[in-house]
2 protein chains.
Amino acid sequence: MHTLPQLLDKIQDFSQKNPFPDTPAELYDPCNYILTLGGKRLRPALLLMGYELFKNDVEKALPAAWAVELFHNFSLMHDDIMDAAPLRRGQPTVHTRWNTTTGILSGDVMLIYAYQFLSSVENKAIIARLLSTFNRVAREVCEGQQMDINFETRDNVKIPEYLNMISLKTAVLLGGALEMGAICAGANESDLNHLSEFGRLAGVAFQIQDDKLDTYGDSAKFGKQVGGDILQNKKTLLVLKTLEVASEKDCQELQQWMATGAENPVEKVEAVKAIFDRNNIPELIEKEKQRFQSEAYKHLDVVSVAETRKEVLRETVEEFLKRDK
Amino acid sequence: MHTLPQLLDKIQDFSQKNPFPDTPAELYDPCNYILTLGGKRLRPALLLMGYELFKNDVEKALPAAWAVELFHNFSLMHDDIMDAAPLRRGQPTVHTRWNTTTGILSGDVMLIYAYQFLSSVENKAIIARLLSTFNRVAREVCEGQQMDINFETRDNVKIPEYLNMISLKTAVLLGGALEMGAICAGANESDLNHLSEFGRLAGVAFQIQDDKLDTYGDSAKFGKQVGGDILQNKKTLLVLKTLEVASEKDCQELQQWMATGAENPVEKVEAVKAIFDRNNIPELIEKEKQRFQSEAYKHLDVVSVAETRKEVLRETVEEFLKRDK
């Protein structure tokens, strides 16, 4: 068993030993660029932890772990184009530093490399099972992204729909990473399902946290523009919860702000935040997060390995759910 | 053994029995749309022909055949965005009918479905081998597209570089389709290599033909704007060959036209065509095509099955290389 920093070292080492080709530089430089923007490598780490629940020779799972990280970065690169996001972790996004064409094509090749690493696992007998999970997750991530886009132009998004969207767009990949690690280790289908659900439900909790941090986080630590969701009139859980619990007057005020542009961004963010605050939205959101978190742990509890083997995974997820940046 | 129309029926039947999901419609409608624009289904047909060289139960290869068609359409959808192409087979491209976001995301999900169909072949023992070829081809297609983009801003593109670019961007997929069909049928590595090279070299010949037809084809049959390459100042083989063989005066005139916009498109196309004509470029291009074609057939000749089994494949490729639309 390894600690999180030890696993991160192994991932870093694997990525350095398995670089992209040098040419065409215009295709591969942006892939290297997005990977050096300082992501947390949470997904490949989860995959390795999923493996270490069952087996010790974690190096065997590194190609699948790196595949998941590449998939994640492919989706970031394409989402940033679709969301017209100027910054990613405080640095210019790929389509901003280069252009849209580069963002599309370098993203495509990263997705293909993800499949290539996945196919390079030593034990060829598990490839079909690995692909079955990876393909499902990849498809669901696209469907979640499409739902997110659809919500932008809808006025009647309900909280359960929203939770389903974030489950698909971001959470299934965390569950999928754990499941794929366990597949590499030869775990049974029941354990695979529980790990997948643990990761997915914890992932929904993470995303609820992210929604909160976009408005209530520390910009320097978070590496994003604070209030970015408000300025983009995003229907985050903060907004949907307000529309569920607030007075008609507050709902109308929020909707008015959301119907306006961002001519005066500071004023807009402060005004919307004030509506959230006086309706206790941060606390209500925290409760919602806790609900998913405790549901998640029920699944981890029943995974059929000794509790000591679950410690690193449990601590990592707990730590991550407590973060305020 | 089946004729081309019989194989096309099987592909059509398979696609109808394996539709995309209904929702989110915004994600999957564009996938259905591009597939109904009337492509020739040449790649999946080649895959099935690759299978039928060795075995008779061609239905086994249908998931892999459909995977190749989905991959092809994914690459068309993304290339059309990068090339800012308004039309595809005479109809609006996906990003024109919808928008860039749709073109990106629906393309992504088509690529994922390609992998999903590939993973669904019945004989799980061949999946790793299939993926090895598919991943290589997919990566090379991206690299070829990148080279094509790079050429736009370069003044010193040489003919061998250009031929390498079209080999990667379009021809390797034809070779890959034949190879994957043969993998499904359990062919040996030597036959796989020869089929891959046959398809690739024939694919380069196809592409040379396409370059010629873009300027010399019949607009109504071809479904594209005639002279589109000229108006976009594309460095096609017609241009590169002219720069190789023409007088300095003609080279300069061509370069002047390529440095101008398309304010008067009819005049520009006619003027550039006249330069090609007086330098016998169509004939020289035809010779180049013949060279690749005859190299291609040498590889088909040595594939270790009876000549009668090669007939359908040979006739299909010959027919396709003779087309004037």
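Helices and strands here are DSSP runs, numbered from the N terminus, with at least four residues (H or I) for a helix and at least two (E) for a strand. Keep that in mind as we walk through this predicted model, since most of the landmarks below are named that way.

Let's start with one chain on its own. Chain A holds 16 helices and two strands. Its C-alpha atoms fit in a box of roughly 60 × 50 × 30 Å along the principal axes. How does the radius of gyration of chain A sit against that of a compact globule? It agrees: for 325 residues a compact globule would come out near 20 Å, and chain A has 20 Å. Of those 325 residues, 48% count as buried. The contact pattern is also worth a look: take the contacts in chain A between residues at least 6 apart in sequence, and 73% of them join residues at least 24 apart.

Now bring in the partner. A rotation of 180°, with 0.0 Å of shift along its axis, lays chain A on chain B at an RMSD of 0.0 Å. The two copies are therefore related as by a two-fold rotation axis. Where they meet, 31 residues of chain A are in contact with 31 residues of chain B. On the chain A side, the elements that supply two or more residues are α2 (25-35), α4 (62-82), α6 (100-119) and α7 (127-152). Which of them gives the most? That's α7(A), with 14 residues. By residue type, the side of chain A that touches chain B splits into 17 nonpolar, nine polar and five charged. And 100% of the interface residues of chain A are interface residues in chain B too, so the copies meet through the same surface.

Next, a couple of backbone oddities. As background, most peptide bonds are trans, and most residues other than glycine have a negative phi. With that in mind, look at the loop between α1 (4-17) and α2 of chain A, where you'll find Pro24(A). The peptide bond leading into Pro24(A) from Thr23(A) is cis, with omega near -5°. Chain B has its own case: the bond from Thr23(B) to Pro24(B) is cis, with omega near -5°, and Pro24(B) lies in the loop between α1 (4-17) and α2 (25-35) of chain B.

The other oddity is about phi. Ala84(A) isn't a glycine, yet its phi is positive, at about 50°. You'll find Ala84(A) in the loop between α4 and β1 (87-88) of chain A. Is Ala84(A) buried or exposed? With 12 other C-beta atoms within 10 Å, Ala84(A) is exposed, because a residue counts as exposed at 12 or fewer. Over in chain B, Ala84(B) has a positive phi near 50°, again in a residue other than glycine. Ala84(B) sits in the loop between α4 (62-82) and β1 (87-88) of chain B, and Ala84(B) is exposed, with 12 other C-beta atoms within 10 Å.

Further along chain A there's a helix pair to inspect. Two packed helices are described by the angle between their axes and the distance between the axes. Helix α12 (residues 237-245) and helix α15 (residues 281-301) of chain A pack at about 110°, with axes 10 Å apart. Angles of 65 to 115 degrees count as roughly perpendicular, and that is therefore how α12(A) and α15(A) are set to each other. Which residues make the contact? From α12(A) come Leu237(A), Leu238(A), Lys241(A), Thr242(A) and Val245(A), and they meet Ile281(A), Leu284(A), Ile285(A) and Glu288(A) of α15(A). Sorted by type, the residues of this contact are six nonpolar, one polar and two charged.

Two last stops. Gln255(A) lies in helix α13 (residues 248-259) of chain A. Gln255(A) is partly exposed, with 14 other C-beta atoms within 10 Å. Its C-alpha is 8.9 Å from that of Leu243(A), and the two residues are twelve apart in sequence. In chain B, turn to Glu263(B), in the loop between α13 (248-258) and α14 (265-278). Glu263(B) is exposed, with 7 other C-beta atoms within 10 Å. Glu263(B) and Leu231(B) are 32 residues apart along the chain, with 9.6 Å between their C-alpha atoms.

How values were computed: Residues are numbered from 1 along each chain as its sequence is written. Chains are lettered from A and ligands numbered from 1 in the order in which they are written. This is a predicted model: local features need pLDDT of at least 70, side-chain atom pairs count only at pLDDT 80 or more; totals for chains, interfaces and linings use all residues. Two residues are in contact if their C-beta atoms, placed from the backbone, lie within 7 Å. Ala, Val, Leu, Ile, Met, Phe, Trp, Tyr, Cys and Pro count as nonpolar, Asp, Glu, Lys and Arg as charged, and the others, Gly among them, as polar. Copies are superposed by least squares on the C-alpha atoms of residues with pLDDT of at least 70 in both. A residue is buried if 20 or more other C-beta atoms lie within 10 Å of its own, exposed if 12 or fewer, and partly exposed in between; C-beta atoms are placed from the backbone. Axes are lines fitted to C-alpha atoms, for helices over the stretch in contact, and angles run from 0 to 180 degrees between N-to-C directions. Angles under 35 degrees count as roughly parallel, over 145 as roughly antiparallel, 65 to 115 as roughly perpendicular and the rest as oblique. The radius of gyration is taken over C-alpha atoms; the globule rule is 2.2 Å times the number of residues to the power 0.38.
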